[in-house]
Amino acid sequence: MRQIHKPFVKNNSEREGIIELRKLAKQGKFDKILVTELSRLGRNAYQVATLIHEFTELGISIVVQSLGVDTLSDEGKANPLVDLLIAVINQFSQMERAFLVDRINSGLERARRNGKQLGRPQGTTLEQGDLLKKYGGLVRDLKVKILVRKAARIHGVSTVTV
């Protein structure tokens, strides 16, 4: 049986945006954080709960736009009902993600069993030397610190190619 690899998922300690948010929070740069949904705060229920707890300890409220809730009251106290709501929704989100991953993996496995070629077709990738020849101007621009999007636009390629 073929082993299905789990996708690489960064912990909050590896996510640049979360690292910066924590740093600014500790410096007292803001008192509220607005997120569109809970999943923006972490990749699993534990990460989300830990981050909410950390910000609560710092007196920083998190406003979850999709739920229309604020983790702290106007007096700066945690709302137990909101805590419960967030915990339940967080668990459902994690379950939903697990189901999605299972469906994707089962579909990929079925495609493999049926002989479907997954990924790039054979022979469509270039060796490193050939890539450097083909995109020499692009490489030079990147070395002089031109931004990826700007370099892509200048050379008429996608940012993925860059």
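Me: Which residue follows H3 with a positive phi?

Reply: Keep in mind that this is a predicted model. Helix H3 covers residues 80-113. Past its end there's a residue whose phi is positive, near 80°. That residue is Gly115.

Me: And what phi does Lys145 take just after H5?

Reply: H5 is the helix made of residues 136-143. Lys145 comes just after H5, and its phi is positive too. The value is about 70°.

Me: Back to H3: how far does it reach from its first C-alpha to its last?

Reply: H3 has 34 residues. At 1.5 Å a residue, you'd expect 50 Å. The span in the model is close to that, at 49 Å.

Me: At the start of H3, which residue's backbone nitrogen does a side-chain oxygen of Asn79 reach?

Reply: H3 begins at residue 80. The side-chain oxygen of Asn79 comes to within 3.0 Å of a backbone nitrogen there. That nitrogen belongs to Leu81.

Me: Is Phe92 buried or exposed?

Reply: Phe92 sits in helix H3. To count as exposed, a residue needs over 50% relative accessible area. Phe92 has 52%, so the label is exposed.

Me: How much accessible area does the nonpolar patch with Phe92 have together?

Reply: Phe92 shares this surface patch with Leu81, Leu84, Val88, Met95 and Phe99. As background, residues three or four places apart in an α-helix point the same way, because there are 3.6 residues a turn. Together, the patch residues have about 620 Å².

Me: What covers the buried residues of H3?

Reply: The buried residues of H3 are Val82, Ile86, Asn90, Asn105, Glu109 and Ala111. Their cover includes a helix, residues 45-57, and a strand, residues 69-70. Those two are H2 and E3.

Me: What do the buried residues of H5 pack against?

Reply: In H5, the buried residues are Gly136, Leu138 and Asp141. Two helices are their packing partners, one of them spanning 148-155. The names are H4 and H6.

Me: How many salt bridges does the count come to?

Reply: One of them pairs Arg22 with Glu54. Another pairs Lys32 with Asp70, and Arg112 forms one with Glu109. The count comes to 3.

Me: Which parts does the pair Arg22 and Glu54 tie together?

Reply: The closest N and O atoms of Arg22 and Glu54 are 2.9 Å apart. Both Arg22 and Glu54 are buried. Arg22 lies in residues 16-26 and the two partners are 32 residues apart in sequence, so the parts tied together are helices H1 and H2.

Me: Which strands hold Lys32 and Asp70?

Reply: In this salt bridge, the closest N and O atoms are 2.5 Å apart. Lys32 is partly exposed at 45%, and Asp70 is partly exposed at 21%. The partners are 38 residues apart and link distant parts of the chain, from strands E1 and E3.

Me: What separates Arg112 and Glu109 in helix H3?

Reply: Their closest N and O atoms are 3.6 Å apart. Arg112 is partly exposed at 29%, whereas Glu109 counts as buried at 17%. Because they are 3 residues apart in H3, what separates them is about one helical turn.

Me: How far apart in space are Lys134 and Val48?

Reply: Lys134 is in helix H4, residues 128-134, and is exposed at 54%. Lys134 and Val48 are 86 residues apart in sequence. In space, C-alpha to C-alpha, the distance is 44 Å.

Note on methods:
Residues are numbered from 1 along each chain as its sequence is written. Side-chain values use heavy atoms; hydrogens and water are left out. Patches are made of residues with over 30% relative accessible area and no salt bridge: like charges are joined within 9 Å, nonpolar side chains (Val, Leu, Ile, Met, Phe, Trp, Tyr) within 5 Å. Accessible areas come from the Shrake-Rupley method with a 1.4 Å probe; for residues, only the protein chains shown count as cover. A salt bridge is a side-chain nitrogen of Lys or Arg within 4 Å of a carboxyl oxygen of Asp or Glu. Helices (H or I, at least four residues) and strands (E, at least two) are DSSP runs, numbered from the N terminus. Buried means under 20% relative accessible area, exposed over 50%, partly exposed in between (1.4 Å probe, protein chains only). The expected span of a helix is 1.5 Å times one less than its number of residues. Contact means heavy atoms within 4.5 Å. A polar contact is a pair of N or O atoms within 3.5 Å; within protein, one must be able to donate a hydrogen and the other to accept it, and residues adjacent in sequence count only if both atoms are side-chain atoms.
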